[in-house]
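Thanks, everyone, for making the time this morning. I would like to walk through a few local features of this model, and I will put the sequence and the structure up now so that you can follow along.

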Amino acid sequence: MKKCVNTASEKEFEVILLGVIYDPKKRRILIGRRENDPYIKELTWCFPGGRASQEELEDCLKKKIKEKTGMKVENLGAVFSKTYPEKRDLLAIYYLCEVVGGKEKAGDDFVELKWVSPEKIEKHFTTSFHPHLKEYILNLK
């Protein structure tokens with residue numbers, strides 16, 4: 001697990017990589033449902049991904065998404081990053097991704113997958129949903 005140290009305060013951050021997996025033909029985004037998250041108890045639905053490791057970030061992102069969804073994705077680039085009010089020492093980096101292969105199947109700590117329209121995605125989340133991320137998602141075409 002990668003740790004980022006802010007030298008001014010010596011505070012450490014854990015880094016998670018999350019895929020906003022978008023299907024441009026159907027205009028839907030893939031999310032997964034977790035149960036009993038050990039880090040953020042309020043968490044249910046979320047974007048697929050996981051904690052950064054010692055490998056390249058893109059390789060780690062693709063591997064984590066494959067483990068959780070069964071899908072092979074293409075990373076189209078980082079689109080947003082934030083810390084969570086629920087867990088300030090967790091830095092999330094969001095990447096726009098498209099499916100390029102694989103077979104959809106919930107795995108790892110996901111118990112269910114769902115394709116959701118950008119307009120309805122926020123209602124599935126029980127944790128904070130940043131307005132800039134919401135705006136980005138609503139403008140996907």
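Cys60 is buried, because its relative accessible area is 0%, which is under the 20% cut-off. Please bear in mind as I go on that this is a predicted model. Cys46 is buried as well, with a relative accessible area of 10%. With cysteines on the screen, you may ask how many disulfides the structure holds. The count is zero.

Cys60 also brings us to helix α1, where the buried residues are Cys60, Leu61, Ile65, Lys68 and Thr69. Seen down the axis of α1, these buried residues fall within an arc of 135°, so they line one face of the helix. As for the length of α1, which covers residues 57-69, its 13 residues should span 18 Å at 1.5 Å a residue, and the end C-alpha atoms are indeed 18 Å apart, so the two values agree. Just after α1 comes Gly70, which takes a positive phi of about 80°.

Let me turn next to Asn75, which is found in strand β6, a strand that runs over residues 71-84. Is Asn75 buried or exposed? At a relative accessibility of 14%, Asn75 counts as buried, because the cut-off for that label is 20%. Once residues up to four places away in sequence are set aside, Asn75 touches Glu58, Leu61 and Lys62, and also Tyr95, Leu96 and Cys97. One of these partners, Leu61, was already named among the buried residues of α1. The side chain of Asn75 also reaches the backbone nitrogen of Gly77, at 2.7 Å.

The last residue I want to show is Asp23, which lies in strand β2, residues 11-23. Which backbone nitrogens lie by a polar atom of the Asp23 side chain? The backbone nitrogen of Lys25 lies 2.9 Å from such an atom, and that of Lys26 lies 3.2 Å from one. Leaving aside neighbours within four places in sequence, Asp23 is in contact with Arg28 and Trp115. Finally, Asp23 and Glu98 are 75 residues apart in sequence, and yet their C-alpha atoms are 6.4 Å apart in space.

That is what I wanted to show, and I am happy to go back to any of these residues on the screen.

Technical notes: Residues are numbered from 1 along each chain as its sequence is written. This is a predicted model: local features need pLDDT of at least 70, side-chain atom pairs count only at pLDDT 80 or more; totals for chains, interfaces and linings use all residues. Side-chain values use heavy atoms; hydrogens and water are left out. Helices (H or I, at least four residues) and strands (E, at least two) are DSSP runs, numbered from the N terminus. Buried means under 20% relative accessible area, exposed over 50%, partly exposed in between (1.4 Å probe, protein chains only). A polar contact is a pair of N or O atoms within 3.5 Å; within protein, one must be able to donate a hydrogen and the other to accept it, and residues adjacent in sequence count only if both atoms are side-chain atoms. Contact means heavy atoms within 4.5 Å. A disulfide is a pair of cysteine sulfur atoms within 2.5 Å. The expected span of a helix is 1.5 Å times one less than its number of residues. The arc is that of the directions from the helix axis to the C-beta atoms.
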